[in-house]
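Biologist: I am new to this model and would like a close look at a single part of it. Please start at one residue and work outward from there, keeping the account connected.

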Amino acid sequence: MIEELVEFFEGNGFIELDQLDFNYLDTVYASSEQIYGLVQFETEEELRENWEKAADELAVKLQSRLIKELHMLKWDIYLMVICTQNQIDTSYRKLIENDRRYFRKIVITKKDDPYISKVPFVLDLTSNKELLIFNDNEFFEELRECLKKSTLSKLPQEFFNPKLSGDQLIDFFNSIKKDDIN
């Protein structure tokens, strides 16, 4: 699991901060915009015993030492807490992820494959439709609710069809007379 994340970070211009010795963290990757600490546990019990130690270590050995232009990175640090079990207790996972001391924590289990989708800045919306929060149908429903009744009466029902292409929408707007818009 951690190997996939390491491969991702190394393949996307992140630098491994291997000059620091860590007791609990497995590795830390940094770019000019973000820092990721990675720690992997085999069991939920091991995770429960050590995730806070890993967070403290990242805060003390790295976050507290950011100076000058790197100081602003203190707001862009993430601890990726990885457990090789299929899943862990949901309430405990929420407890970790809702803990905002120092930086954000992200829990990853085997069930979360593809793991890379849990990295905050990675959005692969084309391969996983479930990630879409606001799809075309929802957009048109929101638009319909925002428009005045007088405006809605001037628009044909097919206008709210999410299957219309951009060219079809342009043609539709070009066909409306200026007087009909007001």
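**From one loop residue to the cores**

Modeller: With a relative accessible area of 37%, Tyr102 counts as partly exposed. The model is a predicted one, and everything below should be read with that in mind. Tyr102 sits in the loop that joins helix 3 to strand 5. Its backbone is worth a look: the phi angle is positive, about 70°, although Tyr102 is not a glycine.

One residue in contact with Tyr102 is Gln63. Gln63 belongs to another loop, the one between helix 2 and strand 4. At a relative accessible area of 14%, Gln63 is buried, because buried means under 20%. Apart from neighbours within four places in sequence, the contacts of Gln63 are Leu58, Lys74, Ile77, Tyr102 and Phe103.

Leu58 leads from this loop into helix 2, where it is one of the buried residues. The others on that list are Glu44, Leu47, Asn50, Trp51, Ala54, Ala55, Glu57 and Ala59. Together, the buried residues of helix 2 pack against strand 2, strand 3, strand 4, helix 3 and strand 5 (104-109).

How far apart are the end C-alpha atoms of helix 2? They are 25 Å apart, which agrees with the 26 Å that its 18 residues should span at 1.5 Å a residue. Helix 2 nevertheless has a bend of about 45°, placed at Asn50.

Glu44 also lies in helix 2. A relative accessibility of 15% puts Glu44 in the buried class. With residues up to four places away in sequence left out, Glu44 touches Cys83, Gln85, Ile88, Asp89 and Tyr92. Cys83 itself is buried, at a relative accessible area of 0%. Another cysteine, Cys146, is exposed, with a value of 62%. A search for disulfides in the structure gives zero.

The packing around helix 2 can now be set beside the nonpolar cores. In soluble globular proteins, nonpolar side chains tend to be buried together. The largest nonpolar core here has 26 residues, and those touching the most other members are Leu25, Val28, Ile35, Leu47, Leu58, Leu79 and Val81. Two or more residues each come from strand 2 (27-30), strand 3 (35-41), helix 2 (44-61), strand 4 (77-83) and helix 3 (90-98). Helix 2 supplies the largest share, six residues.

Ile35, one of those core residues, shows what such a position looks like in detail. Setting aside residues up to four places away in sequence, Ile35 touches Val28, Tyr29, Ala30, Leu62, Leu66, Leu73, Asp76, Ile77 and Tyr78. A second, separate core has 16 residues, among them Phe14, Tyr29, Ile82 and Val119.

Two of the residues that Ile35 touches, Leu73 and Asp76, are also the contacts of Glu33 once neighbours within four places in sequence are left aside. Glu33 is found in the loop between strand 2 and strand 3. Is Glu33 buried or exposed? Glu33 is exposed, with a relative accessible area of 57%. Along the chain, Glu33 and Asp76 are 43 residues apart, yet their C-alpha atoms are separated by 7.0 Å.

Aromatic rings complete the picture. The whole structure contains seven aromatic pairs. In one of them, Phe8 and Phe9 meet edge-to-face, at 5.5 Å centre to centre and with 70° between the planes. Phe8 and Phe9 are both buried. Phe14 and Tyr36 also form an edge-to-face pair, because their planes stand at 70°, and their ring centres are 5.8 Å apart. This pair links distant parts of the chain, 22 residues apart: Phe14 is in the loop between helix 1 (2-11) and strand 1 (15-16), and Tyr36 is in strand 3. Phe14 and Tyr36 are both buried. One aromatic cluster takes in Phe8, Phe9, Phe14, Tyr29, Tyr36 and Tyr78.

Note on methods. Residues are numbered from 1 along each chain as its sequence is written. This is a predicted model: local features need pLDDT of at least 70, side-chain atom pairs count only at pLDDT 80 or more; totals for chains, interfaces and linings use all residues. Side-chain values use heavy atoms; hydrogens and water are left out. A nonpolar core is a set of buried Ala, Val, Leu, Ile, Met, Phe, Trp, Tyr and Cys residues joined through side-chain atoms within 4.5 Å. Buried means under 20% relative accessible area, exposed over 50%, partly exposed in between (1.4 Å probe, protein chains only). Helices (H or I, at least four residues) and strands (E, at least two) are DSSP runs, numbered from the N terminus. Contact means heavy atoms within 4.5 Å. The expected span of a helix is 1.5 Å times one less than its number of residues. The bend at a residue is the angle between axes fitted to the seven residues ending there and the seven starting there. A disulfide is a pair of cysteine sulfur atoms within 2.5 Å. Rings of Phe, Tyr and Trp (its six-membered ring) pair if their centres lie within 6.5 Å; planes under 30 degrees apart count as stacked, over 60 as edge-to-face and the rest as tilted.
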